[in-house]
Amino acid sequence: MSDLKKYDTNGNGKLDPDELALIELEDKRRRMEDADAQRDQQRKMVWFVLFGMLGYPFFVIGAAVLGLTQASDILGSMATIYFPATSLILASFFGASAYQAKKEG
């Protein structure tokens, strides 16, 4: 109840319609900020996965160039796991986000 006291702007102990409108406005503002933060996080995740997938072959080549043959062999053999794993992580994140948006909407 103490959270609602800060919205009782006239101090009469009740929430009037204009005070309820203020609560709704604050709720809408928070939802917009959360949605914006979620889009930013999704964008960062996509770029991270993209750079990881595009950069992975360069790590393998770089290890081979530096004479780290065992490292390049290990990195090369990990590719069969790395690419599907990162794709599944990304897909599950977007799937969960879409499910949550559908459930809320």
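## A tour starting from Gln42

Select Gln42 to begin: leaving aside the neighbours within four places in sequence, Gln42 is in contact with Phe93, Phe94 and Ser97. Keep in mind throughout that the model on your screen is predicted. Gln42 itself belongs to helix 2, and with a relative accessible area of 15% this residue is buried, because buried means under 20%.

Now zoom out and colour the chain by secondary structure. The protein has three helices and zero strands, and from the N terminus on its elements follow the order α-α-α. Helix 2 covers residues 17-65, while helix 3 covers residues 69-104. If you switch on the contacts between residues at least 6 apart in sequence, 40% of them join residues at least 24 apart.

Next, display the aromatic side chains, for which the count comes to five aromatic pairs. Select Tyr56 and Tyr82 among them: the ring centres are 4.6 Å apart and the planes stand at 15 degrees, so this pair is stacked, given that planes under 30 degrees apart count as such. Tyr56 lies in helix 2 and Tyr82 in helix 3, so the pair ties together parts that are 26 residues apart in sequence. Add Phe83 to the selection, and you have a cluster in which ring pairs link Tyr56, Tyr82 and Phe83.

While these rings are still on the screen, it is worth turning on the surface. Is Tyr56 buried or exposed? With a relative accessibility of 7%, Tyr56 counts as buried, whereas Tyr82, with a relative accessible area of 25%, is partly exposed.

Leave the surface on and move along helix 2 to Leu54, which is found in that helix. At 51% relative accessibility Leu54 counts as exposed, since the cut-off for that class is over 50%. Which residues form a nonpolar patch on the surface together with Leu54? Select Trp47, Leu50 and Phe51 as well, and the patch is complete, with about 440 Å² of accessible area for the four residues together.

Finally, show the whole surface, coloured by element if your viewer allows. The protein exposes about 8,400 Å², and carbon and sulfur atoms supply 66% of that area. Of its 105 residues, 15% count as buried; Gln42, where the tour began, is one of the buried residues, and so is Tyr56 in the stacked pair.

Key
Residues are numbered from 1 along each chain as its sequence is written. This is a predicted model: local features need pLDDT of at least 70, side-chain atom pairs count only at pLDDT 80 or more; totals for chains, interfaces and linings use all residues. Side-chain values use heavy atoms; hydrogens and water are left out. Patches are made of residues with over 30% relative accessible area and no salt bridge: like charges are joined within 9 Å, nonpolar side chains (Val, Leu, Ile, Met, Phe, Trp, Tyr) within 5 Å. Accessible areas come from the Shrake-Rupley method with a 1.4 Å probe; for residues, only the protein chains shown count as cover. A salt bridge is a side-chain nitrogen of Lys or Arg within 4 Å of a carboxyl oxygen of Asp or Glu. Helices (H or I, at least four residues) and strands (E, at least two) are DSSP runs, numbered from the N terminus. Buried means under 20% relative accessible area, exposed over 50%, partly exposed in between (1.4 Å probe, protein chains only). Contact means heavy atoms within 4.5 Å. Rings of Phe, Tyr and Trp (its six-membered ring) pair if their centres lie within 6.5 Å; planes under 30 degrees apart count as stacked, over 60 as edge-to-face and the rest as tilted.
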